Amino acid sequence: MSRADVCVAACADAWRGDGAVLASTTGLIPRLGARLAQLTFEPSLLLTDGEATLTHADEPEGWLPYRAVFGVVAAGTRHVMMGASQIDRFGNQNISCVGDWHRPTRQLLGVRGAPGNTVNHTTSYWIPRHEPRVFVEHVDLVSGIGHDRGAVEIRVVVTDLAVLDFTTPDRSMRLRSVHPGVSVADVEAATGFPLTVPVSVPVSRSLTGPELALLRERLDPDGLREFR
């Protein structure tokens with residue numbers, strides 16, 4: 001089983017227990033995770049084709065035009081997994097710029113829908129390269145707010161090294177699990193701030209046999225997840 005397979009499992013588990021909420025994803029691995037969750041342990045999860053059709057097992061099951069999405073967001077019946085160019089210990093996310101926002105060294109996407117997402121509904125993050133320039137002490141500009149600024153719920157951060165959450169007294173980032181072959185020291189070295197690390201850190205779960213078969217034979221038969 002590859003590291004990408006483990007990441008898909010971790011992303012799928014982010015929606016575990018959500019029920020009939022709209023799962024919105026950024027990136028292939030989160031998309032595969034959401035589809036896998038819907039086909040296995042979370043059948044009520046709502047997915048779209050990226051435009052306006054709600055789908056289940058790749059078949060149309062409903063209609064959600066873009067004009068209605070903001071109502072879903074405002075109602076809190078959505079769980080989005082976004083990306084982050086920077087993220088800090090409380091889950092504040094930056095996708096806008098690097099450097100002083102008056103004269104940034106690098107212009108990125110802008111805040112996009114990150115403010116509305118983080119103040120209205122559950123948000124998680126997929127970060128394909130866990131490194132200190134992404135996991136920073138302070139983000140250069142807050143796009144999506146973290147727990148210290150009133151976020152509803154930043155549930156998990158899934159990376160190529162680990163799964164992190166915020167189940168600490170001050171809702172700061174905690175190491176939940178490390179992927180197979182990764183040590184706690186590896187994760188700490190790749191993080192630009194001190195993490196809360198439990199006494200015992202488990203290994204991230206692997207896909208079950210049926211889940212792996214679904215992923216390989218139906219959801220991603222070309223193995224595009226390996227290039228994420």
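In the predicted model, helices H1 and H2 are oblique to each other, because their packing angle of about 60° falls outside the ranges that count as roughly parallel (under 35 degrees), roughly perpendicular (65 to 115) or roughly antiparallel (over 145). H1 comprises residues 3-14 and H2 residues 28-39, and the two axes lie 7 Å apart. The crossing of this helix pair is right-handed. On the H1 side, the contact is made by Ala4, Cys7, Val8, Cys11 and Ala12; on the H2 side, Ile29, Pro30, Leu32, Gly33, Leu36 and Ala37 take part. Classified by residue type, the contact of H1 with H2 contains ten nonpolar residues, one polar residue and no charged residues.

An open sheet is formed by six strands, arranged in the order E1-E5-E10-E11-E12-E13, with mixed pairing. The edges are occupied by E1 (22-25) and E13 (174-178); each has a single partner strand, so one side of each is left without a neighbour in the sheet. From one strand to the next, the twist averages 20°. Helix H1, described above for its contact with H2, also packs on this sheet, where it touches E5 (78-82), E10 (122-127), E11 and E12. The direction of H1 makes about 170° with that of E11. Within the sheet, E11 (residues 153-159) and E12 (residues 162-165) pair in the antiparallel sense over three bridges. In this pairing, Val157 of E11 stands opposite Leu164 of E12. In a regular strand the side chains alternate between the two faces of the sheet.

Antiparallel pairing also links strands E2, E3 and E4 through two successive hairpins. E2 (residues 47-48) pairs with E3 (residues 53-56) over two bridges, and Thr48 stands opposite Leu54 in E3. Four residues separate the strands of this hairpin, in which Gly50 adopts a positive phi near 95°. E3 pairs in turn with E4 (residues 59-63), in this case over four bridges. Here Thr55 has Pro60 of E4 as its bridge partner. The hairpin of E3 and E4 has two residues between the strands, and Ala57 takes a positive phi near 55°. Strand E3 thus participates in both hairpins, pairing with E2 and with E4.

Notes
Residues are numbered from 1 along each chain as its sequence is written. This is a predicted model: local features need pLDDT of at least 70, side-chain atom pairs count only at pLDDT 80 or more; totals for chains, interfaces and linings use all residues. Side-chain values use heavy atoms; hydrogens and water are left out. Two strands pair if DSSP finds at least two bridges between them. Axes are lines fitted to C-alpha atoms, for helices over the stretch in contact, and angles run from 0 to 180 degrees between N-to-C directions. A crossing is left-handed if the near helix is turned anticlockwise from the far one by less than a right angle, and right-handed if clockwise. Contact means heavy atoms within 4.5 Å. Ala, Val, Leu, Ile, Met, Phe, Trp, Tyr, Cys and Pro count as nonpolar, Asp, Glu, Lys and Arg as charged, and the others, Gly among them, as polar.
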